[in-house]
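Please open the model in your viewer and keep the selection panel at hand. The tour moves from one selection to the next and says what to look for at each stop.

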Amino acid sequence: QNEEKWDFVLVSDIHEMGSEKEIKRKKFLDELSKKGFTIKKIEDTKLFYGVRAPQHIFWKYQRLLKNPNSRQQNDQDVPVTTRIRVVHFILQNTVTSDLEKLHDLMKKKVFEAAFPLHKKEEIREMLKKKWARWRVLFKEQPIEQIRCYFGEKVALYFAWLGWYTYLLIFAALAGLATVAAGATVFSSSQVSKEICDANSTIMCPLCDQNCSFWVLSDTCTYAKVTHMIDNEATVVFAMFMAIWATVFLELWKRERANVATSWDLYGWDEEEEELALQLINNPQHEPRLYQHSYFRSTIVLILSLLMIMVLIGIAHALVIYRAVAMALFTQSQVNLLSQHADTIAVMTGAVLHYITIVIMTKVNWHVALFLCNLEKPRTFSQRENNFTVKIFLFQFFTNFSSLIYIAFFLGRINGHPGHYVRIAGHWRLEECHPSGCITDLFIQMAVIMVLKQTISNIMEYLIPLISHQLRKKKKRPKKRSLMLGEEEVAEDPCKRQWLNNYELNEVNVFSLFNEYLEIVIQYSFTTIFVAAFPLAPLLALINNVIEIHLDAIKMMRLRRRMVPRKAKDIGIWLQVLEAIGILAVIGNGLVIAITSDFIPVQVYKYMYSPCTRENHTSMDCSTGYINNSLSIFHIKDFEPHTKVLPEFKGKQIKECRYRDYRNADDYTYTVQFWHIFAARLAFLILFEHVALCVKLIAAWYIPDVPQKVKNKILTAKHSNLRNELSTAEYSTEV
């Protein structure tokens, strides 16, 4: 039975005898045989080669990595994950006489696939039963068993995702409480009432051609929705999320320290392991020394900046689309389009934004890989780190450029009636929704998060499932009917197992990377603009509960086995998450200071409301805010090409209102505008400094490594030194 345990399977097409591909394949297999590998060949529609490494390779591995008892260990004591990892490294770094590696041979179609096997073993059946199925959706993950089957890197991903999902419960509850407070406590706010009662407030037209005046009370429903997310509770929630992001990371560091200690990974060094594997594969190996080229770095930096500019350009294209769509929808003969032109423009813009995200994700991937190849990183982990930083930067601008425009520029650079800023001198830049700019950001966030999570998860599950079914149908040959008197030849037991594994979807070195990237981008959505969309943590929580088991099902049932990799933390992703935490403080501070109406309302209450002039204890101090926040425009000052009917509901209109703080005579900014501007700036500085100070205090207050872990390491060091001393004294006496 021991003979039938295979570490890896290589798959090849059946090539003609004496062909170039057949010769290259034989050369590679001969190199493996020289290293002591056992190779078994099975022929079906493809050629399958089972590969098993000799035991002395693992003795060397354990000896080099400071396990002196390795000589006494037998084949059963080497963990399967270690066997696969070592064999994978040797396969990838075996060089033929033509100076070709397995990677080159796969490019030339000499080999089609190389993969470790999913075997019918107890741990796999346990994971399929208790982890990779929908029935156990709310059960705790068996992290230790995941580690024993997939290795530390995959286990750490699921431990981190589980921890993040658990802490999202508190963020989701806080978000729900914020929305509930907005819907109850703040729903009957004075600002909403004034908008709903403004039957006589005539607003300026929203477009240049065929648009009529309209009444402010038409936006009553939107005003209530806006105030549900734009109130005092949102400020508290934004501060809470800044602290939550810090606490999440600090608690994860503690959790990671516990895990790394229990898995005996604290002393493990990735570079040392790679050097050991290189020496096992080739005793004459010389290490590749560290190098740095300022020329290469400059080229990569310039190309990265160019790519970021392209992504920002795409965001500008979306802005132009919304401006043009707004103009076309308002002139439409369809009532539904003309009456809700602004909302439809925002909704279709959000869908278009989602489509650009999907397309540009693939482009970003290829560009980031190209830039990594230019840098020529020394090791695989260095390459992975460089790639992570680049792809995250590109994905961040792809996902957030449009949101940044809506949050901080929409409605602030479009001019005013009689002097609008225009695209190509024709189309007006769009304005914020009449009920406030935060509504546009809320809609955009909601559409992108819902679309991104639902469509992505459906595609993530269906594509591998359909692909697996198609591969099964395509690869399985029909059974040959037996001739009379002919006995059926017993099938090799390995053949069915190897075929079943081959029919699964292939995995690559970036399979786990994709999962990390998806969740980190989601974490960005959940924290950076959460003040505009308090339901983001709830959507993230629902997504993650599904995501954990979706990933489990894919890994266990639909994909080939991933090559286990060792790791003691989540790597550079931790620095990425810390950077997002700082961006979250800045982003939410800007949303409240600039996008929200929170500051203008507070300035009005304390400087311009009736409360400042008279002692009205019973009066709401925001009374009159809406009238105060609207400027007056004389319709005689409209631009010549603006076609507006001067009559509205049988009345002759001489002036209309618009959202801004401008004088009625020369349309310059009022003193109140500058008061609000100063207050916004002061709030932003105060909010960010307080939030960052609280983050620093939280980071200091919660130690990265628990005391019991520190004490365990200290005791182990002391014990090792005492044993060394005893051994030295004994040697001296002898």
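Begin by selecting Arg52 and Trp6 in this predicted model, where the charged end of Arg52 sits over the ring of Trp6, at 4.4 Å from the ring's centre. A second arrangement of this kind can be shown by selecting Arg378 together with Tyr290, since Arg378 lies over the face of Tyr290 and is 4.3 Å from the centre of that ring.

From charges over rings, turn to rings beside rings. A pair of aromatic rings is described by the distance of the centres and the angle of the planes. The structure holds 42 aromatic pairs, and one to select is Phe400 with Phe529, whose ring centres are 6.1 Å apart and whose planes stand at 40°, so that this pair counts as tilted. Phe400 belongs to helix H15 (residues 380-408), while Phe529 is found in the loop between helix H18 (511-527) and helix H19 (536-558), and the pair therefore ties together parts that lie 129 residues apart in sequence. Both Phe400 and Phe529 are buried.

Next select Tyr669 and Trp674, whose ring centres are 5.9 Å apart and whose planes make an angle of 80°, which is why the pair is edge-to-face. Tyr669 is partly exposed, with a relative accessible area of 32%, and Trp674 also counts as partly exposed, at 47%.

Now display helix H24, which runs over residues 671-701. Its 31 residues reach 45 Å from the first C-alpha to the last, close to the 45 Å expected at 1.5 Å a residue. Which residues of H24 are buried? Colour Gln672, Phe673, Ile676, Arg680, Phe683, Leu684, Phe687, Glu688, Ala691, Lys695 and Ala698, as these are the buried ones. An α-helix has 3.6 residues a turn, so residues three or four places apart point the same way. To see what the buried residues of H24 pack against, add helix H10 (232-262), helix H20 (573-595), helix H21 (598-608) and helix H23 (625-629) to the view.

Two loops that adjoin helices already on display deserve a check of their backbone torsions. Tyr667 lies in the loop between strand E14 (655-659) and H24, and its phi is near 60°, a positive value in a residue other than glycine. In the loop between H10 and helix H11 (270-281) is Asp264, which has a positive phi of about 55° although it, too, is not a glycine. As for their surroundings, Tyr667 is buried, with a relative accessible area of 11%, whereas Asp264 is exposed, at 68%.

For the interior, switch to a cavity display. Rolling a probe the size of a water molecule over the atoms shows where empty space is left. The structure holds one cavity of 30 Å³ or more, and about 60 Å³ of space lies in the largest cavity. Select its lining, which consists of Leu311, Ile314, Ala315, Leu318, His353, Thr356, Met360, Phe397, Thr398, Ser401 and Ser402. Helix H12 (294-330), helix H14 (341-375) and H15 each supply at least two residues of this lining.

The last stop is Lys495, which is placed in helix H17 (residues 493-502). Leaving aside residues up to four places away in sequence, Lys495 touches Ile42, Glu43 and Asp44. If Ile448 is then added and a C-alpha to C-alpha distance is drawn, Lys495 and Ile448 prove to be 46 Å apart in space, with their positions 47 residues apart in sequence as the separation.

Terms used: Residues are numbered from 1 along each chain as its sequence is written. This is a predicted model: local features need pLDDT of at least 70, side-chain atom pairs count only at pLDDT 80 or more; totals for chains, interfaces and linings use all residues. Side-chain values use heavy atoms; hydrogens and water are left out. Helices (H or I, at least four residues) and strands (E, at least two) are DSSP runs, numbered from the N terminus. The expected span of a helix is 1.5 Å times one less than its number of residues. Buried means under 20% relative accessible area, exposed over 50%, partly exposed in between (1.4 Å probe, protein chains only). Contact means heavy atoms within 4.5 Å. Rings of Phe, Tyr and Trp (its six-membered ring) pair if their centres lie within 6.5 Å; planes under 30 degrees apart count as stacked, over 60 as edge-to-face and the rest as tilted. A charge sits over a ring if NZ of Lys or CZ of Arg is within 6 Å of the ring centre and within 35 degrees of the ring normal. On a 1 Å grid over the protein atoms alone, a cavity is a set of points where a 1.4 Å probe fits but cannot get out, and a pocket is an open set with protein on both sides within 12 Å along at least five of seven lines; lining residues have an atom within 4 Å of a point. Grid points are joined across faces, edges and corners, and a volume is the space filled by probe spheres set on the points.
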